[in-house]
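Student: Could you walk me through this model with some questions and answers? I would like to see the reasoning behind each answer.

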Amino acid sequence: MDEVHHLKDPKRAVTIASKSLKVKCRIGLTGTPLQNRLLDFWSVLDWANPGCLGDKEDFTYDFGRPIMQGQRFDGTKRELATGRKKTQEFQSMIDDWCLRRTKALIADQLPQKDQKVVFCPLSKVQEDIYKTLLQTNDVQLVLKQGEPCDCRSELTRGKCCYAVNEEGSNMKKLLLQCLRLFLKISNHAALVLPHVKQTDDQRKRAKVICEKVFAVHPEFEAASKSPSFELFSDSNFCGKMKVLDKLLKLFQQEKDKVLLFSYSTQLLDMLEAYAISCGMVYRRLDGKTRGERRLDVVRDFNTNPSIFLFLVSTKAGGVGLNLTSANIVIVFDPSWNPSDDLQAEDRAYRIGQRRDVKVFRLISAGTVEENMYLRQIYKQQLANVAVEGNNERRYFTAVDGEKDKKGELFGIENLFALRNDGCSVSTDIFKRSDKIERGFRMTKYELQPKENAGQTLIAEYSASPSVQCLETQEEQNSYNLDEITSQYIEDETTNIDCLHNKSPEKQNRVEVSHNTEDNCTDDGKQKTNFTKILDISHEIEKLDKSFAPSHDNDKQKRQKNKQGASISKRRPISKDSQVNQILEECGVQHTHSNKMIIGTSEAENEMTSRAMKEVFDLGQYSQQPANCFAAADQIICRKIDYNNNKNNLKTR
């Protein structure tokens, strides 16, 4: 069975029908066996080998919960060690059932792929609409559903007096409606305007929101009455469109070919109107494109160099297409499932691609989209731990499925929160983890003084006739000053040798002064030493004059510098520099590469091995925080305040 990951839900009809087939052997093919939860992987393996991992309750108790607990940022050493041990046991079991092959095997046959996640700021109109929606009765009803009810019935509001809204919609329906509105606002302010395809309730709700926004932004009301392509192409109503507009113009000048993915067909309509208004030659493929037409559109885009842009639905065109003629991939809006976005990227980055591929994933900073992206990272890390057996970095304090450990990811409060003024929860989370990484790296440079260093120094001082150098070369190298200072000095041309060697002038003067000091009782020798100092000073002056350039040489140098400056001005700016300049002009404050976030690290491997050794071999420190690492004979660890104990863990 191809694309066997479709059997991830054991309650779906296709899964039940597939398990009912009586065959001697079952073989499934998939590139993403785990997409959202560990139970997805269990369902696929249970189809291939029925009962191999027990029922889902046993699997969750034996493997699922320990592995997820071990991925917590604030977990203890016992939780980390237990989670890693369960991962190893799980890997030893699935080795008999799974054969895994990745692109790493053919990495030498593929060009480079550079991925950049761009956190785009909201426009002022978008931000005001977002705040207006947060104050509506329906959103407040959803946000407060977990609070105690006013009637003192010991039930929550969502299960008592506030179970439905004024129109009779229950909490689940309200949650989905509000979520759709927040996603629309995050992508473009015009998407919240009422239109004919909406139901009466949707149009009524949209009118209420728009009336409040029109009172603050009359220009938005005037623009809403203009033709759709003018409204959609106006970057004042969408932070992403401002970034997209400048990027596409740059890529068009560079003769690149671009794939533009969107999960929403309504958003795809907006992007198509924008492409028409800019006069771009484009093609479009979505769920309405028939099978025969799909092949024609793909062939036309790959063979016709005049076609610049390909608008593709993430769901309909994310699999089964070969679009290697494109070298730029832009994912306009994220999906809840990380494999959808990764599959979209691979439409261009595959065998047959001859150019380097650049991927841009646009995220509206501080909105529900940023929460979606963080959940993507959580799911990708979970897949790498369970399927690949990696020691993934631990970013989050949340655990999926546990109500008391929602952390930064789960819960309605995190989902609907708005963080403006350049705030980015993603950046804060990654910086928190980077502190652990930097702390681990700095332990390598911690200076360990030798025993009886003071006595040795005094002995060397008293035994030596001169005090030209108090440290031997061996002692200087033991501290490795070159490596330490390189952490703080960015200039590659800095000469670190100046920390060890003095200039010739200073060395000569020091030696002479020592000679005069040794013979201070002899007047004749003092005179000769004084004349030596004068002779040396005269020699230094001669050397300075001999090496001093003439006035003509100064002119020649200045002319050469001017020529070099003019050549550097004419030198073309790289595409990466132009992209970074565009992002800065658009107000983008945070970007990063996804491949630098996903994966393991040296610090994580060290903390894992230490936790497993101390918990299972030594039987100690099991309740210490897992974010600890060794520095010589010391253990540096983060302090934790216990609820019933005022004593903190200190450096041992």
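Tutor: Gladly, and let us start with a term: helices (H or I, at least four residues) and strands (E, at least two) are DSSP runs, numbered from the N terminus. Keep in mind that this is a predicted model.

Student: In which loop is Lys255 found?

Tutor: Look at the elements on either side of Lys255: helix α11 covers 239-253 and strand β2 covers 258-262. Lys255 is therefore in neither run, given that helices and strands are DSSP runs. Its place is the loop between α11 and β2.

Student: What is the phi of Lys255, and is the residue buried or exposed?

Tutor: Most residues other than glycine have a negative phi. Lys255 is not a glycine, yet its phi is positive, at about 60 degrees. With 70% relative accessibility against a cut-off of over 50%, Lys255 counts as exposed.

Student: Where does Glu154 lie, and what is its phi?

Tutor: Glu154 lies in the loop between α6 and α7. Because its relative accessibility is 81%, Glu154 counts as exposed. Its phi is positive in a residue other than glycine, near 65 degrees.

Student: Which residues does Ser169 contact, leaving aside neighbours within four places in sequence?

Tutor: Ser169 lies in the loop between α6 (137-143) and α7 (171-187). At 9% relative accessibility, Ser169 counts as buried. Once neighbours within four places are set aside, its contacts are Ala163, Val164 and Leu174.

Student: Taking the whole chain, how many helices and strands are there, and what share of the residues is buried?

Tutor: The chain has 27 helices and nine strands. Its exposed area is about 37,100 Å², with carbon and sulfur atoms supplying 50% of that. Of the 652 residues, the buried share is 42%.

Student: Among contacts between residues at least 6 apart in sequence, what percentage join residues at least 24 apart?

Tutor: Ile582 gives a good example of a distant pairing: Ile582 and Leu247 are 335 residues apart in sequence, but 7.3 Å apart from C-alpha to C-alpha. Leu247 is also among the residues that Ile582 touches. For the chain, the percentage is 73%.

Student: Which residues does Ile582 touch, not counting those up to four places away in sequence?

Tutor: Ile582 is found in helix α25 (residues 575-585). At 11% relative accessibility, Ile582 counts as buried. The residues it touches are Lys246, Leu247 and Leu250.

Student: Why does Ser43 count as buried?

Tutor: Ser43 sits in helix α2 (residues 38-48). Beyond residues up to four places away, Ser43 touches Leu7, Lys8, Asp9, Pro10, Thr15 and Lys19. Buried means under 20% relative accessible area. Ser43 counts as buried because its relative accessibility is 0%.

Student: How many salt bridges does the structure hold?

Tutor: One of them joins the side chains of Lys77 and Glu614, at 2.5 Å from N to O. This pair links distant parts of the chain, with Lys77 in helix α4 (residues 77-94) and Glu614 in helix α27 (residues 602-618), 537 residues apart. Both Lys77 and Glu614 are buried. The structure holds 32 salt bridges.

Student: How many residues apart are Glu127 and Lys131, and which helix holds them?

Tutor: Glu127 and Lys131 form a salt bridge, with the closest N and O atoms 3.3 Å apart. Glu127 counts as buried at 15% relative accessibility, whereas Lys131 counts as partly exposed at 35%. They are four residues apart, about one turn of the helix, and both lie in α5 (residues 124-134).

Student: In the salt bridge of Arg157 with Asp150, how far apart are the closest N and O atoms?

Tutor: Arg157 counts as buried at 11% relative accessibility, while Asp150 counts as exposed at 53%. A salt bridge needs a nitrogen to oxygen distance within 4 Å. For this pair, the closest N and O atoms are 3.9 Å apart.

Student: Which residues form a negative surface patch?

Tutor: Start from Glu57, which lies in helix α3 (residues 56-69). Patch residues need over 30% relative accessible area, and Glu57 counts as partly exposed at 49%. The patch is formed by Asp55, Glu57, Asp58 and Asp62.

Terms used:
Residues are numbered from 1 along each chain as its sequence is written. This is a predicted model: local features need pLDDT of at least 70, side-chain atom pairs count only at pLDDT 80 or more; totals for chains, interfaces and linings use all residues. Side-chain values use heavy atoms; hydrogens and water are left out. Patches are made of residues with over 30% relative accessible area and no salt bridge: like charges are joined within 9 Å, nonpolar side chains (Val, Leu, Ile, Met, Phe, Trp, Tyr) within 5 Å. Accessible areas come from the Shrake-Rupley method with a 1.4 Å probe; for residues, only the protein chains shown count as cover. Lys and Arg count as positive and Asp and Glu as negative; His and the chain ends are not counted. The place of a charge is taken as NZ of Lys, CZ of Arg, CG of Asp or CD of Glu. Buried means under 20% relative accessible area, exposed over 50%, partly exposed in between (1.4 Å probe, protein chains only). Contact means heavy atoms within 4.5 Å.
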